[in-house]
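Work through the following exercises with the structure open. Each task is followed by a solution in steps.

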Amino acid sequence: MAKSNAKQVRASEAELKDKLVAINRVTKVTKGGRNFSFSAMVVVGDENGVVGHGLGKANEVTEAITKGIDLGKKNCIKVPIINGTVPHEMTAKYSGAEVFMRPAAHGTGVIAGGAMRAVFESVGIKDVLAKSKGSSNPQNVVKATIAALAQMRDAYTVADQRGIELDRVFNG
C-alpha cells in the first residue's frame, strides 16, 4: 500500500458531524437459538478537511452507532482541499474495493455513489468526480476512499518535500 501523507488529527468533540453509512445485522446460530448483533459503519468529519471512520459492533443498533462514532473520532486525518475539490487525480484500493477520484470544476457537485458520497460530504469536498470499481461493500469503499484522500498532496506539500520553490512544482 502507498505511503500516507495525511497527518493524524486530534478530534475536538464539538465540531465533528457524523454520517451513518451502513448498518449490518449479523446472526450467530447457537444450540440455544439465534443471536443477533449489529455492526454500524460511521463517517465523521468537520466539513473542513478533517475526516475519520469507525466500525462499531454491539447487540443494539444505537450502541453500535455510538461505538462507530467514537472510533471515527479517534482516527481522524487532515485532507488537503483546494477550492472545494481534491488537488489531483487519485486511485486507491482496499481489499476488493477500488476507487477513482478526480478534481471537478466549481458547481459540478459530488458525483459519487453512496459510501463515497458520505466521505466527501463529511470532509467538505463540494465538487468531485468519483467512481467506485470492484466490490460495493460499504466498509471497503469507505476505507479505500479515505486511503485515497490520505495520499493526496497539495502543491505546498510537494514543494516542501522536494525542497524547491512553489513555482518550480508547476514548471518542472
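Two strands pair if DSSP finds at least two bridges between them, and helices (H or I, at least four residues) and strands (E, at least two) are DSSP runs numbered from the N terminus. The model is predicted, with local features needing pLDDT of at least 70 and side-chain atom pairs counting only at pLDDT 80 or more, while totals for chains, interfaces and linings use all residues. Residues are numbered from 1 along each chain as its sequence is written, and side-chain values use heavy atoms, with hydrogens and water left out.

**Exercise 1. Describe the pairing of β4 and how far this strand is covered.**

Step 1. β3 and β4 run antiparallel and are joined by eight bridges. In this pairing, Gly45 is opposite Val51 of β4.

Step 2. Four residues lie between the two strands of this hairpin, and Glu47 there has a positive phi near 60 degrees.

Step 3. β4 is also joined to strand β5 (residues 76–78), by two bridges and again antiparallel. Here Val50 faces Lys78 in β5.

Step 4. Buried means under 20% relative accessible area, exposed over 50%, and partly exposed in between (1.4 Å probe, protein chains only). Strand β4 (residues 50–58) has nine residues, of which seven are buried, so the rest of the structure largely encloses the strand.

**Exercise 2. Give the strand order of the open four-stranded sheet and identify its edges.**

Step 1. The order is β6-β7-β9-β8, with mixed pairing.

Step 2. The edge strands are β6 and β8 (110–111); each has a single partner strand, so one side of each has no neighbour in the sheet.

Step 3. β8 and β9 run parallel and are joined by two bridges. Ile111 has Leu129 as its bridge partner in β9.

Step 4. On the edge strand β6 (residues 90–94) lies Tyr94. Tyr94 is partly exposed because its relative accessibility is 32%. Apart from neighbours within four places in sequence, Tyr94 is in contact (heavy atoms within 4.5 Å) with Asn140, Lys143 and Ala144.

**Exercise 3. Locate the largest nonpolar core and state which elements supply it.**

Step 1. A nonpolar core is a set of buried Ala, Val, Leu, Ile, Met, Phe, Trp, Tyr and Cys residues joined through side-chain atoms within 4.5 Å. In soluble globular proteins, nonpolar side chains tend to be buried together.

Step 2. The largest core has 31 residues, and Val51, Val99, Met101, Met116, Phe120 and Leu149 have the most contacts inside it. Two or more residues each come from β3 (33–45), β6, β7 (97–103), α2 (114–123), β9 (128–134) and α3 (138–150). The largest share, eight residues, is that of α3.

Step 3. Take Leu149 as an example. Beyond neighbours within four places in sequence, Leu149 is in contact with Val79, Val86, Met101, Val119, Phe120, Val123 and Ile125. Another core, of six residues, lies apart from the largest one and includes Leu16, Val42, Val44 and Ile69.

Step 4. Helix α2 is mostly covered, with seven of its ten residues buried; Met116 and Phe120 are among them. After α2 comes Gly124, with a positive phi near 100 degrees.

**Exercise 4. How many salt bridges does the whole structure hold, and which parts do they link?**

Step 1. A salt bridge is a side-chain nitrogen of Lys or Arg within 4 Å of a carboxyl oxygen of Asp or Glu. The search finds four.

Step 2. Lys17 pairs with Glu47, with the closest N and O atoms 3.4 Å apart. Lys17 is in strand β2 (residues 17–30) and Glu47 in the loop between β3 and β4, 30 residues apart. Glu47 is partly exposed, at 34% relative accessible area.

Step 3. Arg102 pairs with Glu89, the closest N and O atoms being 3.2 Å apart. Arg102 belongs to strand β7 and Glu89 to the loop between β5 and β6, so this pair ties together parts 13 residues apart in sequence.

Step 4. Arg117 and Glu121 form a salt bridge at 3.8 Å, N to O. The two are four residues apart in helix α2, so about one helical turn separates them. Lys19, Arg117 and Glu121 are joined into one network by salt bridges that share partners.
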